[in-house]
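Got your viewer open and the selection box ready? Let's walk through this model stop by stop, selecting a few residues at a time.

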Amino acid sequence: MSSKGLKSQKSTKRKVTESSDKFDSLKSKKPKLVSGEQQQQHGKPKFVKPKSAGDKEQSTNLSKKERRVQAKELTEARKKKRKPHYNLEQELASLWEKMRRRDIGKEDRSKLISEAIRKMKGKVPEIAVSHVSSRVLQTCVKFCSQAEKDALFAELQPQFLNLASNKYAVHFIQKMLDGASKQQLAACISSLRGHVAPLLRHVFGSVVVEHAYHLGTAAQKQELLAELYSTELQLFKGLTSATEKTVVDIIAKLGLQKGAVNRHMTAIIQPILEKGIVDHTITHKLLIEYLTIADKTSAADVLQLLTGSLLLRMVHTRDGSRLAMLSIKHGSAKERKKIIKAMKEHVKKMAFDQFGSMVLACIFSIVDDTKLVTKIIVRELEASLKDLVMDKNGRRPLLQLLHPNSSRYLSHDDLAALDLSVPSLCSMDKSETSSKTKDTDGNESGEETKDEQEDTLAEHTDHEENVTAMGGKKDPLVRRQELLVNSGLAERLIDVCVENAEEFLKSNFGKEVMYEVAIGGSDGILCPSLSEKLCELYEAISSVAAKPKPQESEKDSEHILENFHSSRTIRRLVLDCPGFASTLFKKALSGKCRSWAQGHCSKILSAFLETEDFEVREMAKTELQVLVNEGTLKISATKKPE
């Protein structure tokens with residue numbers, strides 16, 4: 001072994017022995033008492049004894065109750081030092097306990113409120129930031145007179161922006177805005193000018209902006225929104241009017257640079273999305289307007305940020321549901337899967353929502369992964385089919401599967417939302433593709449290698465997958481077949497209709513689903529595989545119609561043939577579904593037509609003579625023609641079949 005190795009071994013041994021000796025010496029040493037002079041030299045000791053021996057004996061002699069009282073007094077003393085209006089807050093809290101009771105009289109409550117407002121005079125902005133006092137102020141605003149409300153508003157107005165970002169004062173501000181006059185609301189909205197963007201990035205400030213946006217007029221809403229479009233609109237007032245409703249119109253009128261507007265809006269939107277403050281209507285409107293002018297990369301980035309749980313917090317508004325539809329339309333297969341998985345256990349709530357139901361209808365129309373849609377969405381809808389059929393909004397996803405994009409069931413605005421798309425993501429660079437085709441066609445040598453062709457094809461497919469996926473690749477009829485028939489949803493829906501035939505037909509909303517199911521859906525999607533089930537439905541409706549007429553005393557139980565909604569639906573079924581018409585006539589109307597020739601049922605009888613099906617006409621003609629000749633049953637001349 002070398003000399004260097006021996007030296008290193010010796011040094012390590014020496015170090016170990018030295019450290020062990022030090023450790024033993026520390027063990028053997030006893031702690032020394034430090035004199036008062038030494039303490040003064042070294043400064044104050046680290047741990048000072050809090051109490052003397054006498055105090056300690058006194059505290060030990062106290063009972064548990066006395067110690068609790070002493071601790072309470074100490075905490076109150078600390079609060080008095082920390083809060084300048086602590087005594088006032090205690091007085092207001094005692095008044096609040098009395099004024100908020102339900103069994104108190106109006107006069108007594110108004111006296112208590114007047115007393116509380118008198119004590120708070122001149123201190124409202126300072127008191128509003130307290131947890132307890134903000135509740136007192138909310139109760140005062142709710143029950144006080146208009147003069148007292150104006151006095152509170154006068155104190156609030158100068159500190160409006162400071163209080164808008166406070167955790168507790170924000171609730172008081174919302175109450176004040178609810179009860180504010182037009183002039184007071186306009187003053188509040190004007191005080192927000194120049195501060196809308198920072199407040200939207202704040203958790204509590206965004207609530208105040210949203211509340212003001214919700215209460216404001218169309219012009220005031222436009223004023224709040226325009227500030228988010230460009231710096232010029234933020235600095236100068238009155239540049240826009242009510243006619244310019246969109247950012248595209250404002251850019252065209254003022255001649256603003258589209259790139260500058262895009263950058264300004266991106267700087268505002270990005271922190272809002274990063275913080276996840278996406279619950280507000282004004283934010284949804286801002287995002288929709290941004291997507292109309294954003295370039296391809298910016299629009300794709302925003303839609304990608306929205307994928308997932310953020311969309312569930314946005315589908316409750318008109319613009320929020322449109323953002324969700326755009327994310328589904330332009331998202332890749334992976335992003336769509338993420339969106340649908342985030343909807344798990346929330347599908348029912350979405351289906352009963354006015355705008356959330358349209359998002360589900362959009363998924364049924366676009367997403368090709370029918371297994372995933374069946375597993376997460378269809379299975380959750382199956383659990384509450386009866387409630388969905390009877391609900392105005394809940395029936396929309398079902399009707400979209402039975403009869404897609406029908407103007408009878410969807411409004412013009414709903415159909416426009418389903419057709420909505422992002423302009424920059426829709427244009428697949430047609431100019432670039434056309435120039436590429438020109439280059440390949442105009443190649444004189446015509447010697448393009450096989451590798452170059454494969455590269456261009458790969459670039460084109462990647463571009464399609466990443467940027468736009470407008471709709472699915474599947475045939476819409478095949479997609480509907482898989483979601484409606486193969487999933488078992490249609491069979492379960494027919495069973496529910498059989499069980500609740502009378503209730504659905506008499507319902508203003510349920511009758512539409514019943515009609516579409518009975519005729520087999522658009523393009524006859526239910527007929528080939530579920531024709532036996534449909535015959536059971538025809539029998540169920542006919543058995544209800546075969547019941548005898550109720551007596552005059554039984555006014556509550558209206559017959560299905562005399563009810564307004566059910567009679568119109570049955571008439572449509574007679575005209576459009578020969579199988580149902582023949583079953584109904586044979587089981588419920590044959591030999592009884594004269595007794596049903598009056599009222600709403602007469603329209604059903606006339607439908608048997610107006611239908612285009614020859615066999616149905618001939619079956620009912622012998623009995624109904626007699627009533628027509630007598631004048632008992634009237635048939636429109638324009639509706640007579642040839």
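**Stop 1: Thr374**

Start by selecting Thr374, which is buried with a relative accessible area of 10%; buried means under 20% relative accessible area, exposed over 50%, and partly exposed in between, using a 1.4 Å probe and protein chains only. The structure is a predicted model, in which local features need pLDDT of at least 70 and side-chain atom pairs count only at pLDDT 80 or more, while totals for chains, interfaces and linings use all residues. Residues are numbered from 1 along each chain as its sequence is written, and side-chain values use heavy atoms, with hydrogens and water left out.

Thr374 is found in helix H26 (residues 370–382). Helices here are DSSP runs of H or I with at least four residues, numbered from the N terminus. Now add Ser487 to the selection: its C-alpha is separated from that of Thr374 by 6.5 Å, although the two are 113 residues apart along the chain. Leaving aside residues up to four places away in sequence, Thr374 touches Arg379, Leu483 and Ser487, where contact means heavy atoms within 4.5 Å.

**Stop 2: salt bridges**

Side chains of opposite charge can pair when their charged atoms come close. A salt bridge is counted when a side-chain nitrogen of Lys or Arg is within 4 Å of a carboxyl oxygen of Asp or Glu, and by this rule the count comes to 25.

Select Glu91 and Lys119, whose side chains meet in a salt bridge at 3.3 Å, N to O. This pair links distant parts of the chain: Glu91 is in helix H5 (residues 86–99) and Lys119 in helix H6 (residues 106–120), 28 residues apart. How accessible is Glu91? Glu91 counts as partly exposed at 36% relative accessibility, and Lys119 is also partly exposed, at 23%.

Next, select Arg480 and Asp523, another salt bridge, at 3.4 Å from N to O. Here Arg480 sits in helix H33 (residues 476–486) and Asp523 in the loop between H36 and helix H37 (527–545), with their positions 43 residues apart in the chain. Is Arg480 buried or exposed? Arg480 counts as buried, at 7% relative accessibility, whereas Asp523 is exposed, at 62%.

Then move to Lys533 and Asp495, a salt bridge whose closest N and O atoms are 2.8 Å apart. Lys533 lies in helix H37 and Asp495 in helix H34 (residues 489–499), so the pair ties together parts that are 38 residues apart in sequence. Asp495 counts as partly exposed, at 22% relative accessibility.

To see a network, select Arg318, Asp319, Arg322 and Asp413, which are joined by salt bridges that share partners.

**Stop 3: positive phi**

Most residues other than glycine have a negative phi, and most peptide bonds are trans. Return to Asp523 and check its backbone: phi is positive, about 65°, although Asp523 is not a glycine.

Glu345 is worth selecting too, with a phi near 70°. Glu345 lies in the loop between helix H23 (333–342) and helix H24 (347–351) and is exposed, with a relative accessible area of 66%.

**Stop 4: rings**

How many aromatic pairs does a search of the whole structure find? The search finds two. Rings of Phe, Tyr and Trp (its six-membered ring) pair if their centres lie within 6.5 Å; planes under 30 degrees apart count as stacked, over 60 as edge-to-face and the rest as tilted.

Select Tyr538 and Phe580, an edge-to-face pair with 5.8 Å centre to centre and 65° between the planes. Tyr538 belongs to helix H37 and Phe580 to helix H39, 42 residues apart. Both Tyr538 and Phe580 are buried.

For a charge over a ring, NZ of Lys or CZ of Arg must be within 6 Å of the ring centre and within 35 degrees of the ring normal. Lys549 lies over the face of Trp596, 4.9 Å from the ring centre. The charged end of Lys221 sits over the ring of Tyr213, 5.5 Å from its centre.

**Stop 5: helix H38**

Finish by selecting residues 564–576, helix H38. Its buried residues are Ser566, Ser567, Thr569, Ile570, Arg571, Leu573 and Val574. They pack against helix H35 (501–506), helix H36 (510–518), helix H39 (578–589) and helix H40 (601–610).

How values were computed
Helix = DSSP H or I, 4+ residues; strand = E, 2+ residues; numbered from the N terminus. Expected span 1.5 Å × (residues − 1).
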